[in-house]
Amino acid sequence: DWEANTRALIIPGGRDLPYQRDLEPHATDRIRRWVQEAGGVYIGICAGAYFACKELAFEEDRPQFRVTGNRQLALYEGVAKGPLYPYPQAKIVT
């Protein structure tokens, strides 16, 4: 009964794939209903924000880091694209 006793749910950064793996489909359905019907507040930080979008497009131009696909929570009906700033390319110093 966490929904009745919780005002805000904070999902931190890191990686959103573990959230997807561990929370879909049942927990994400509960979270979505709690936000939409009970007025709960969802605070997504970094990966938590990506996880809350309908679709994720992260590092599309860097295959070794690419994470893309649909997300079931879908509190935001759009595509989350990241990162905001490109990572600097590593330089090899000889």
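In what order do the three strands of the open sheet sit? Keep that question in mind as you open the model, which is a predicted one.

**Stop 1: the sheet**

Select strands 3, 4 and 5. They form an open sheet in the order 4-3-5, and the pairing is mixed. Colour strand 4 (67-70) and strand 5 to mark the edges; each of these pairs on one side only. Look along the sheet and compare the directions of the strands: neighbours are turned by 15 degrees against each other on average, direction ignored.

Now keep just strand 3 (residues 53-58) and strand 4 on screen. These two run antiparallel and are joined over four bridges. For a single bridge to zoom in on, pick Glu-55, whose partner in strand 4 is Asn-70.

**Stop 2: Asp-16**

Next, click on Asp-16, which you'll find in helix 2 (residues 16-23). Is Asp-16 buried or exposed? Its relative accessible area is 5%, so Asp-16 counts as buried, the limit being under 20%.

Show side chains here and add Arg-71. The side chains of Asp-16 and Arg-71 make a polar contact at 2.4 Å. To see what else surrounds Asp-16, leave out its neighbours within four places in sequence: the contacts are then Ala-47, Tyr-50, Phe-51, Leu-56, Val-67 and Arg-71.

**Stop 3: an aromatic pair**

Tyr-50 was in that list of Asp-16 contacts, and it leads to the next stop. How many aromatic pairs does the structure hold? There are three. Select Tyr-50 together with Phe-58 to view one of these pairs: the ring centres are 5.5 Å apart, with 65 degrees between the planes. That makes the arrangement edge-to-face, because the angle is over 60 degrees.

Check the surroundings of both rings, too. Tyr-50 is buried, at 16% relative accessible area, and Phe-58 is also buried, at 18%.

**Stop 4: Pro-83**

Finish at Pro-83, in the segment after strand 5 (76-82). Pro-83 has a relative accessibility of 24%, so it counts as partly exposed.

Which residues does Pro-83 touch, not counting those up to four places away in sequence? Tyr-50, Phe-58 and Glu-59, which brings you back to the two rings of the edge-to-face pair. Draw a distance from Pro-83 to Glu-59 as a last step: the two are 24 residues apart in sequence, yet their C-alpha atoms are 6.6 Å apart in space.

Note on methods. Residues are numbered from 1 along each chain as its sequence is written. This is a predicted model: local features need pLDDT of at least 70, side-chain atom pairs count only at pLDDT 80 or more; totals for chains, interfaces and linings use all residues. Side-chain values use heavy atoms; hydrogens and water are left out. Rings of Phe, Tyr and Trp (its six-membered ring) pair if their centres lie within 6.5 Å; planes under 30 degrees apart count as stacked, over 60 as edge-to-face and the rest as tilted. Buried means under 20% relative accessible area, exposed over 50%, partly exposed in between (1.4 Å probe, protein chains only). A polar contact is a pair of N or O atoms within 3.5 Å; within protein, one must be able to donate a hydrogen and the other to accept it, and residues adjacent in sequence count only if both atoms are side-chain atoms. Contact means heavy atoms within 4.5 Å. Two strands pair if DSSP finds at least two bridges between them. Axes are lines fitted to C-alpha atoms, for helices over the stretch in contact, and angles run from 0 to 180 degrees between N-to-C directions.
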